[in-house]
Amino acid sequence: MLEKIKQHIAEVEAFTANTKEDVENFRIKYLGKKGLLNDFFAEFKNVSNEQKKEFGQVVNKLKNTAEEKVELLKDALENKEEAKGVYGDLSRPGEPIEIGSRHPISIVKNKIIDIFSRIGFNVSEGPEIEDDWHNFTALNLPEYHPARDMQDTFFIQTNPDVLLRTHTSSVQVRYMENNKPPIRTISPGRVYRNEAISARSHCFFHQVEGLYVDKGVSFADLKQTLQYFTTEMFGKSKIRLRPSYFPFTEPSAEVDVYWGLETETDYKMTKGTGWLEIMGCGMVDPNVLENCGIDSEEYSGFAFGMGIDRIALLLHQIPDIRMFSENDIRFLEQFKSSL
Ligand code: PHE
(Lines give C-alpha, C1' and ligand atoms only; values in the text may rest on other atoms or scores of the structure.)
Protein backbone atom coordinates (compact mmCIF):
# COMPACT_ATOMS: atom_id res chain seq x y z
CA MET A 1 0.00 0.00 0.00
CA LEU A 2 2.74 2.46 0.99
CA GLU A 3 4.59 1.67 -2.20
CA LYS A 4 1.47 2.40 -4.21
CA ILE A 5 1.04 5.79 -2.56
CA LYS A 6 4.69 6.66 -3.11
CA GLN A 7 4.25 5.84 -6.78
CA HIS A 8 1.33 8.25 -6.87
CA ILE A 9 3.52 10.96 -5.35
CA ALA A 10 6.07 10.45 -8.12
CA GLU A 11 3.28 10.54 -10.70
CA VAL A 12 1.87 13.75 -9.27
CA GLU A 13 5.29 15.37 -9.28
CA ALA A 14 5.83 14.47 -12.92
CA PHE A 15 2.38 15.53 -14.07
CA THR A 16 2.07 18.34 -16.65
CA ALA A 17 -1.03 19.83 -18.30
CA ASN A 18 -1.76 21.92 -21.38
CA THR A 19 -5.34 22.84 -20.71
CA LYS A 20 -7.46 23.87 -17.76
CA GLU A 21 -9.50 20.73 -18.33
CA ASP A 22 -6.47 18.52 -17.80
CA VAL A 23 -5.81 20.27 -14.49
CA GLU A 24 -9.42 19.90 -13.38
CA ASN A 25 -9.45 16.18 -14.21
CA PHE A 26 -6.22 15.78 -12.30
CA ARG A 27 -7.70 17.63 -9.32
CA ILE A 28 -10.82 15.44 -9.31
CA LYS A 29 -8.74 12.29 -9.61
CA TYR A 30 -6.74 13.08 -6.45
CA LEU A 31 -8.54 15.71 -4.46
CA GLY A 32 -12.18 15.26 -5.52
CA LYS A 33 -14.84 13.90 -3.20
CA LYS A 34 -14.47 10.46 -4.68
CA GLY A 35 -10.80 10.99 -5.34
CA LEU A 36 -7.87 8.77 -4.47
CA LEU A 37 -6.93 10.74 -1.38
CA ASN A 38 -10.26 10.21 0.25
CA ASP A 39 -9.88 6.50 -0.52
CA PHE A 40 -6.49 6.50 1.18
CA PHE A 41 -7.79 8.41 4.19
CA ALA A 42 -10.64 5.88 4.46
CA GLU A 43 -8.02 3.15 4.35
CA PHE A 44 -6.38 4.63 7.48
CA LYS A 45 -8.55 2.72 9.92
CA ASN A 46 -7.43 -0.59 8.39
CA VAL A 47 -3.74 0.14 8.80
CA SER A 48 -1.95 -1.54 11.65
CA ASN A 49 -0.99 0.65 14.59
CA GLU A 50 2.76 0.42 13.94
CA GLN A 51 2.27 1.56 10.37
CA LYS A 52 -0.22 4.34 11.07
CA LYS A 53 2.40 7.02 11.57
CA GLU A 54 4.27 6.38 8.37
CA PHE A 55 1.08 5.87 6.42
CA GLY A 56 -0.32 9.17 7.65
CA GLN A 57 2.84 11.00 6.66
CA VAL A 58 2.92 9.55 3.17
CA VAL A 59 -0.77 10.22 2.49
CA ASN A 60 -0.36 13.80 3.74
CA LYS A 61 2.60 14.25 1.46
CA LEU A 62 0.57 13.03 -1.47
CA LYS A 63 -2.21 15.48 -0.54
CA ASN A 64 0.18 18.45 -0.26
CA THR A 65 2.00 17.56 -3.43
CA ALA A 66 -1.27 17.25 -5.37
CA GLU A 67 -2.60 20.54 -4.00
CA GLU A 68 0.60 22.39 -4.83
CA LYS A 69 0.65 20.91 -8.30
CA VAL A 70 -2.91 22.06 -9.03
CA GLU A 71 -2.10 25.65 -7.94
CA LEU A 72 1.10 25.69 -9.93
CA LEU A 73 -0.51 24.43 -13.13
CA LYS A 74 -3.44 26.85 -12.78
CA ASP A 75 -1.11 29.81 -12.42
CA ALA A 76 1.03 28.75 -15.34
CA LEU A 77 -1.98 28.35 -17.60
CA GLU A 78 -3.42 31.72 -16.60
CA ASN A 79 -0.16 33.49 -17.34
CA LYS A 80 -0.05 31.77 -20.66
CA GLU A 81 -3.53 33.03 -21.42
CA GLU A 82 -2.66 36.59 -20.50
CA ALA A 83 0.26 36.48 -22.87
CA LYS A 84 -2.01 35.05 -25.51
CA GLY A 85 -4.39 37.98 -24.97
CA VAL A 86 -1.78 40.38 -26.32
CA TYR A 87 -0.54 38.39 -29.28
CA GLY A 88 -3.28 35.81 -29.69
CA ASP A 89 -5.64 37.19 -32.30
CA LEU A 90 -3.45 38.34 -35.12
CA SER A 91 -6.41 39.53 -37.19
CA ARG A 92 -7.32 42.08 -34.52
CA PRO A 93 -6.85 45.73 -35.61
CA GLY A 94 -3.63 47.22 -34.22
CA GLU A 95 -3.42 49.60 -31.31
CA PRO A 96 -3.50 53.19 -32.60
CA ILE A 97 0.03 54.61 -32.86
CA GLU A 98 0.52 58.15 -31.59
CA ILE A 99 2.59 59.95 -34.20
CA GLY A 100 4.42 63.08 -33.09
CA SER A 101 4.16 66.32 -35.01
CA ARG A 102 6.88 68.57 -36.29
CA HIS A 103 7.60 71.82 -34.54
CA PRO A 104 5.99 74.76 -36.38
CA ILE A 105 9.43 76.37 -36.78
CA SER A 106 10.69 73.21 -38.50
CA ILE A 107 7.62 73.08 -40.74
CA VAL A 108 8.19 76.62 -41.99
CA LYS A 109 11.95 76.07 -42.28
CA ASN A 110 11.49 72.89 -44.29
CA LYS A 111 9.03 74.61 -46.58
CA ILE A 112 11.53 77.41 -47.27
CA ILE A 113 14.33 74.89 -47.90
CA ASP A 114 12.07 72.93 -50.24
CA ILE A 115 11.18 76.03 -52.27
CA PHE A 116 14.78 77.18 -52.72
CA SER A 117 16.13 73.69 -53.38
CA ARG A 118 13.88 73.57 -56.45
CA ILE A 119 15.88 76.42 -58.01
CA GLY A 120 19.28 74.99 -57.20
CA PHE A 121 20.03 76.28 -53.70
CA ASN A 122 21.77 73.90 -51.33
CA VAL A 123 21.66 74.05 -47.52
CA SER A 124 24.67 75.15 -45.51
CA GLU A 125 25.12 75.20 -41.76
CA GLY A 126 27.63 76.67 -39.38
CA PRO A 127 28.40 77.04 -35.68
CA GLU A 128 26.16 78.99 -33.28
CA ILE A 129 29.22 80.11 -31.35
CA GLU A 130 31.10 82.43 -33.69
CA ASP A 131 34.16 84.62 -33.80
CA ASP A 132 34.14 88.32 -34.55
CA TRP A 133 35.40 87.85 -38.12
CA HIS A 134 32.55 85.66 -39.36
CA ASN A 135 29.72 87.45 -37.56
CA PHE A 136 30.90 91.04 -38.09
CA THR A 137 34.21 92.03 -39.61
CA ALA A 138 34.02 89.98 -42.82
CA LEU A 139 30.50 91.31 -43.32
CA ASN A 140 31.77 94.85 -43.65
CA LEU A 141 31.25 95.65 -39.98
CA PRO A 142 34.74 96.56 -38.78
CA GLU A 143 35.42 97.24 -35.12
CA TYR A 144 33.69 100.38 -33.84
CA HIS A 145 31.26 100.34 -36.76
CA PRO A 146 28.07 101.87 -35.36
CA ALA A 147 25.90 99.30 -37.13
CA ARG A 148 27.19 96.65 -34.72
CA ASP A 149 24.72 98.14 -32.28
CA MET A 150 21.87 97.10 -34.59
CA GLN A 151 22.32 93.61 -33.26
CA ASP A 152 22.57 93.33 -29.52
CA THR A 153 25.17 90.67 -29.09
CA PHE A 154 25.69 88.04 -26.40
CA PHE A 155 29.43 87.84 -25.85
CA ILE A 156 30.93 84.67 -24.46
CA GLN A 157 34.44 86.04 -24.31
CA THR A 158 36.15 89.27 -25.30
CA ASN A 159 39.60 89.82 -26.75
CA PRO A 160 39.50 87.85 -28.94
CA ASP A 161 35.74 88.08 -29.17
CA VAL A 162 33.71 84.90 -29.06
CA LEU A 163 29.96 85.37 -29.32
CA LEU A 164 26.61 83.79 -30.09
CA ARG A 165 25.94 84.52 -33.75
CA THR A 166 23.41 87.30 -34.26
CA HIS A 167 22.51 86.16 -37.79
CA THR A 168 23.26 83.27 -40.10
CA SER A 169 25.12 85.62 -42.47
CA SER A 170 28.15 84.18 -40.66
CA VAL A 171 27.47 80.87 -42.38
CA GLN A 172 27.53 82.61 -45.75
CA VAL A 173 30.98 84.01 -44.97
CA ARG A 174 32.19 80.51 -44.11
CA TYR A 175 30.61 79.15 -47.27
CA MET A 176 32.25 81.78 -49.51
CA GLU A 177 35.62 81.17 -47.86
CA ASN A 178 35.40 77.48 -48.66
CA ASN A 179 33.61 77.37 -52.03
CA LYS A 180 34.15 78.92 -55.44
CA PRO A 181 31.30 80.61 -57.37
CA PRO A 182 28.77 79.85 -58.67
CA ILE A 183 27.34 79.74 -55.16
CA ARG A 184 23.69 79.18 -54.41
CA THR A 185 23.10 78.37 -50.78
CA ILE A 186 20.62 78.96 -47.99
CA SER A 187 21.61 78.90 -44.33
CA PRO A 188 18.90 78.07 -41.82
CA GLY A 189 19.67 78.18 -38.13
CA ARG A 190 19.18 79.58 -34.67
CA VAL A 191 20.49 83.05 -33.83
CA TYR A 192 20.76 85.03 -30.60
CA ARG A 193 20.22 88.66 -29.69
CA ASN A 194 20.24 90.29 -26.31
CA GLU A 195 16.71 91.59 -26.44
CA ALA A 196 14.06 91.83 -23.76
CA ILE A 197 11.79 88.78 -24.01
CA SER A 198 8.18 89.60 -24.83
CA ALA A 199 5.28 88.22 -26.84
CA ARG A 200 6.88 89.69 -29.99
CA SER A 201 10.60 89.14 -29.50
CA HIS A 202 12.87 86.56 -27.92
CA CYS A 203 16.56 86.38 -27.14
CA PHE A 204 16.87 83.53 -29.64
CA PHE A 205 15.04 82.95 -32.88
CA HIS A 206 15.56 81.34 -36.26
CA GLN A 207 16.59 82.62 -39.64
CA VAL A 208 17.03 81.46 -43.18
CA GLU A 209 19.50 83.51 -45.14
CA GLY A 210 20.21 83.04 -48.84
CA LEU A 211 23.21 83.81 -51.01
CA TYR A 212 23.72 83.72 -54.76
CA VAL A 213 27.12 84.60 -56.23
CA ASP A 214 28.03 84.21 -59.88
CA LYS A 215 29.11 86.22 -62.94
CA GLY A 216 26.60 88.93 -63.81
CA VAL A 217 24.10 88.44 -60.96
CA SER A 218 21.83 91.49 -60.95
CA PHE A 219 19.19 93.13 -58.82
CA ALA A 220 16.61 91.90 -61.33
CA ASP A 221 17.66 88.31 -60.51
CA LEU A 222 17.12 89.08 -56.84
CA LYS A 223 13.65 90.43 -57.45
CA GLN A 224 12.66 87.47 -59.62
CA THR A 225 13.91 85.01 -57.01
CA LEU A 226 11.98 86.76 -54.24
CA GLN A 227 8.84 86.82 -56.33
CA TYR A 228 9.17 83.11 -57.03
CA PHE A 229 9.61 82.56 -53.29
CA THR A 230 6.58 84.54 -52.13
CA THR A 231 4.39 82.88 -54.75
CA GLU A 232 5.44 79.40 -53.64
CA MET A 233 5.43 80.19 -49.93
CA PHE A 234 2.31 82.31 -49.54
CA GLY A 235 0.56 82.08 -52.90
CA LYS A 236 1.16 85.84 -53.31
CA SER A 237 3.25 87.25 -56.15
CA LYS A 238 2.91 90.99 -55.58
CA ILE A 239 5.95 92.32 -53.74
CA ARG A 240 7.57 95.67 -53.17
CA LEU A 241 11.12 96.59 -52.24
CA ARG A 242 11.72 99.51 -49.93
CA PRO A 243 15.22 101.01 -49.71
CA SER A 244 16.95 100.01 -46.48
CA TYR A 245 20.39 99.64 -44.99
CA PHE A 246 22.53 96.63 -44.15
CA PRO A 247 26.30 96.97 -43.88
CA PHE A 248 26.89 93.84 -45.97
CA THR A 249 24.67 94.70 -48.94
CA GLU A 250 24.57 97.67 -51.29
CA PRO A 251 21.96 98.60 -52.34
CA SER A 252 19.78 97.10 -49.61
CA ALA A 253 16.04 96.66 -49.40
CA GLU A 254 13.23 95.51 -47.16
CA VAL A 255 10.81 93.12 -48.87
CA ASP A 256 7.04 93.42 -48.39
CA VAL A 257 4.52 91.02 -49.81
CA TYR A 258 1.02 92.17 -50.65
CA TRP A 259 -1.22 90.02 -48.50
CA GLY A 260 -4.53 91.64 -49.29
CA LEU A 261 -7.20 93.17 -47.10
CA GLU A 262 -10.10 90.83 -47.59
CA THR A 263 -10.65 89.33 -44.19
CA GLU A 264 -10.38 90.56 -40.66
CA THR A 265 -7.28 88.41 -40.23
CA ASP A 266 -5.64 90.10 -43.26
CA TYR A 267 -6.42 93.38 -41.62
CA LYS A 268 -4.88 92.34 -38.32
CA MET A 269 -1.80 90.72 -39.87
CA THR A 270 -0.97 93.73 -42.01
CA LYS A 271 -2.03 96.38 -39.50
CA GLY A 272 -4.52 97.64 -42.03
CA THR A 273 -2.01 98.24 -44.83
CA GLY A 274 -2.38 95.02 -46.81
CA TRP A 275 1.44 94.73 -46.86
CA LEU A 276 3.52 92.32 -44.84
CA GLU A 277 7.23 92.85 -44.22
CA ILE A 278 8.97 89.49 -44.65
CA MET A 279 12.71 89.95 -45.14
CA GLY A 280 15.80 92.03 -45.76
CA CYS A 281 17.92 91.73 -48.89
CA GLY A 282 20.42 93.39 -51.16
CA MET A 283 23.37 93.04 -53.50
CA VAL A 284 26.38 91.64 -51.65
CA ASP A 285 28.78 94.50 -50.92
CA PRO A 286 31.99 94.04 -52.98
CA ASN A 287 34.00 94.40 -49.74
CA VAL A 288 32.31 91.28 -48.39
CA LEU A 289 33.15 89.30 -51.52
CA GLU A 290 36.80 90.43 -51.29
CA ASN A 291 36.94 89.60 -47.56
CA CYS A 292 35.91 86.06 -48.44
CA GLY A 293 38.42 85.66 -51.26
CA ILE A 294 36.05 86.24 -54.19
CA ASP A 295 37.07 88.65 -56.96
CA SER A 296 34.44 91.38 -56.92
CA GLU A 297 35.44 92.55 -60.40
CA GLU A 298 34.46 89.19 -61.79
CA TYR A 299 31.58 88.21 -59.57
CA SER A 300 28.51 89.80 -58.05
CA GLY A 301 25.80 88.40 -55.84
CA PHE A 302 22.65 88.93 -53.87
CA ALA A 303 21.70 87.96 -50.34
CA PHE A 304 18.54 87.91 -48.31
CA GLY A 305 17.54 86.97 -44.80
CA MET A 306 14.26 86.26 -43.07
CA GLY A 307 13.05 85.31 -39.61
CA ILE A 308 11.37 81.91 -39.50
CA ASP A 309 9.62 82.58 -36.19
CA ARG A 310 8.05 85.75 -37.54
CA ILE A 311 6.70 83.95 -40.61
CA ALA A 312 5.38 81.07 -38.50
CA LEU A 313 3.68 83.53 -36.14
CA LEU A 314 2.02 85.28 -39.06
CA LEU A 315 0.97 82.16 -40.94
CA HIS A 316 -0.61 80.48 -37.93
CA GLN A 317 -1.79 83.61 -36.15
CA ILE A 318 0.12 82.64 -33.02
CA PRO A 319 -0.22 85.36 -30.38
CA ASP A 320 3.05 84.87 -28.50
CA ILE A 321 6.56 83.95 -29.75
CA ARG A 322 7.35 82.33 -26.39
CA MET A 323 4.97 79.49 -27.24
CA PHE A 324 7.60 78.16 -29.66
CA SER A 325 9.98 77.34 -26.84
CA GLU A 326 7.59 76.32 -24.07
CA ASN A 327 7.19 72.76 -25.37
CA ASP A 328 3.51 72.59 -24.46
CA ILE A 329 2.31 69.46 -26.22
CA ARG A 330 -1.22 70.89 -26.60
CA PHE A 331 0.23 73.71 -28.65
CA LEU A 332 2.68 71.61 -30.63
CA GLU A 333 0.34 68.80 -31.63
CA GLN A 334 -1.87 71.21 -33.58
CA PHE A 335 0.75 71.43 -36.32
CA LYS A 336 0.75 68.66 -38.88
CA SER A 337 2.82 68.63 -42.01
CA SER A 338 4.27 66.26 -44.54
CA LEU A 339 7.46 68.31 -44.81
N1 PHE B 1 21.49 89.45 -41.70
C2 PHE B 1 20.36 90.34 -41.75
C3 PHE B 1 19.66 90.32 -40.38
O4 PHE B 1 19.91 89.45 -39.61
C5 PHE B 1 19.37 89.96 -42.80
C6 PHE B 1 19.89 90.13 -44.18
C7 PHE B 1 20.56 89.09 -44.81
C8 PHE B 1 19.76 91.32 -44.85
C9 PHE B 1 21.07 89.26 -46.07
C10 PHE B 1 20.25 91.49 -46.11
C11 PHE B 1 20.90 90.47 -46.72
O12 PHE B 1 18.89 91.17 -40.09
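1. Starting with the ligand pocket: strand S10 gives the largest share of the shell around the ligand, 3 residues. Keep in mind while reading that this is a predicted model. S10 (300-307) has company, since strand S6 (204-214) and strand S9 (275-284) also each supply at least two residues of that shell.

2. Who sits around the ligand? The shell has 14 residues, and the closest are His167, Ser169, Arg193, Gln207 and Glu209. Sorted by class, the shell comes out as 7 polar, 5 nonpolar and 2 charged residues.

3. Three side chains are worth clicking on for their distances to the ligand. Glutamine 207 puts a polar side-chain atom 2.8 Å from a ligand oxygen. Arginine 193 also has a polar side-chain atom by a ligand oxygen, at 2.9 Å. For serine 169, the partner is a nitrogen atom of the ligand, and the distance from the polar side-chain atom is 3.1 Å. As for cover, the ligand taken alone exposes 330 Å², and the protein buries 92% of that.

4. Now step back to the whole chain. The domain assignment splits the protein into domain 1 (2-87) and domain 2 (104-335). Measure between their C-alpha centres in your viewer and you should get 82 Å.

5. Between helix H4 (49-87) and H5 there is a loop, and isoleucine 97 is found in it. Is this isoleucine 97 buried or exposed? Its relative accessibility is 74%, so isoleucine 97 counts as exposed, the cut-off being over 50%. For a sense of distance, take leucine 261, which is 164 residues away from isoleucine 97 along the chain: the two C-alpha atoms are separated by 42 Å.

6. Helix H5 covers residues 104-117, 14 residues in total. From first C-alpha to last, H5 reaches 20 Å, close to the 20 Å expected at 1.5 Å a residue. Which residues of H5 are buried? They are Pro104, Ile105, Ile107, Val108, Ile112, Ile113, Ile115 and Phe116.

7. Two cis peptide bonds deserve a look, both leading into a proline. One runs from asparagine 159 to proline 160, with omega near 0°. Proline 160 has its place in the loop between strand S3 (155-157) and strand S4 (162-164). The other cis bond joins glutamate 250 to proline 251, with omega near -5°. Here the proline is not in a loop: proline 251 lies in strand S8, residues 249-258.

8. Last, a couple of positive phi values outside glycine. Glutamine 317 has phi near 50°, and asparagine 327 has phi of about 60°. Where do they sit? Glutamine 317 is in the loop between helix H11 (308-316) and helix H12 (329-332), and asparagine 327 is found in the loop between H11 and H12 too. On accessibility, glutamine 317 has a relative value of 37%, so this residue counts as partly exposed. Asparagine 327 has a relative accessible area of 58%, which means this residue is exposed.

How values were computed:
Residues numbered from 1 in each chain as written. Predicted model: local features only at pLDDT ≥ 70, side-chain atom pairs only at ≥ 80, totals over all residues. Heavy atoms only, no water. Near = heavy atom within 4 Å. Polar contact = N/O pair within 3.5 Å; in protein donor to acceptor, adjacent residues only side chain to side chain. Areas by Shrake-Rupley, 256 points an atom, 1.4 Å probe, with all protein chains shown as cover. Helix = DSSP H or I, 4+ residues; strand = E, 2+ residues; numbered from the N terminus. Nonpolar A, V, L, I, M, F, W, Y, C, P; charged D, E, K, R; others polar. Expected span 1.5 Å × (residues − 1). Buried < 20%, exposed > 50% of the residue type's maximum accessible area, 1.4 Å probe, protein only. Domains from an automatic or database assignment.
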